[in-house]
Amino acid sequence: MNNIKTFLNLRNNLSKKLKLQLNVSLLFIVISTIAELLSISAIIASVTFFLNDGKNLEISLLDKLNIQNVNVYYLILFVFFVYLLKTIVLLFIANYQAKFTTKIAYYFSSRLFNKYTNLKFYDFIKEKTSTYIRNITTDVVKIASFLYHSLFLLNEVFVIGILCMLIFFLDPITFIFLILSISPLIFIYIKKTKKLIYDIGKE
């Protein structure tokens with residue numbers, strides 16, 4: 001919850017141009033999620049195809065959607081083409097987000113620099129020079145890094161969320177069984193690593 005508030009506060013302090021670029025980054029997350037799902041479909045479809053010696057397949061998703069007379073061979077070729085396209089798209093998105101976070105660091109660094117240079121002399125000497133330098137350099141990089149990793153995390157959450165919905169749509173019983181099996185492991189992992197992450201953050 002605190003990370004969400006930090007993210008929203010960060011967004012509110014951006015210029016209109018950077019807010020627009022942030023919205024574009026969020027749109028790219030949706031596009032990359034679709035691309036990731038298509039690439040996963042390519043792997044599943046191709047493995048299933050070769051395991052069946054190239055014979056016609058019955059794909060439950062297509063059956064549920066009432067799609068008939070699908071040539072699986074061409075379907076696999078199409079999805080492999082999408083997989084290649086996905087790689088290119090993700091490289092473009094990663095490059096865009098890296099440049100965007102660099103702009104974020106430059107934006108806040110410039111704002112702080114202008115603020116400090118406009119301080120009155122007696123206000124300026126109240127703080128150590130090292131504090132000003134740290135704020136303009138190290139702390140600004142941390143802000144940009146937080147934004148970058150937040151976008152990355154949001155992308156992964158989207159992918160996992162849609163995968164879960166897809167599995168539930170195909171086989172609700174298997175999905176419930178997987179959730180009940182994985183949940184205790186996730187809970188133990190969080191409990192074991194929470195304190196470690198907190199200690200690392202304090203350092």
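These legends accompany close-up views of a helix, a salt bridge and a buried serine.

This is a predicted model, in which local features need pLDDT of at least 70, side-chain atom pairs count only at pLDDT 80 or more, and totals for chains, interfaces and linings use all residues. Residues are numbered from 1 along each chain as its sequence is written, and side-chain values use heavy atoms, leaving out hydrogens and water.

**View 1. Helix H6 and its kink at Asn 135.** Follow H6 through residues 129-170 (helices are DSSP runs of H or I, at least four residues, numbered from the N terminus). Its 42 residues reach 61 Å from first C-alpha to last, close to the 62 Å expected at 1.5 Å a residue (1.5 Å times one less than the number of residues). The kink is about 40°, the bend being the angle between axes fitted to the seven residues ending at a residue and the seven starting there. Asn 135 is also among the buried residues of H6, which include Tyr 132, Ile 136 and Val 140 (buried: under 20% relative accessible area; exposed: over 50%; partly exposed: in between; 1.4 Å probe, protein chains only).

**View 2. The structure's one salt bridge.** Here Arg 134 pairs with Asp 139, their closest N and O atoms 3.7 Å apart (cut-off: a side-chain nitrogen of Lys or Arg within 4 Å of a carboxyl oxygen of Asp or Glu). Both partners are partly exposed: Arg 134 at 40% relative accessibility, Asp 139 at 25%.

**View 3. Ser 32 in helix H2.** Look within residues 16-51 for this serine; Ser 32 is buried, at 4% relative accessible area. Setting aside residues up to four places away in sequence, Ser 32 touches Leu 90, Ile 93 and Asn 155 (contact: heavy atoms within 4.5 Å). Asn 155 is itself one of the buried residues of H6.

Notes
Helices (H or I, at least four residues) and strands (E, at least two) are DSSP runs, numbered from the N terminus.
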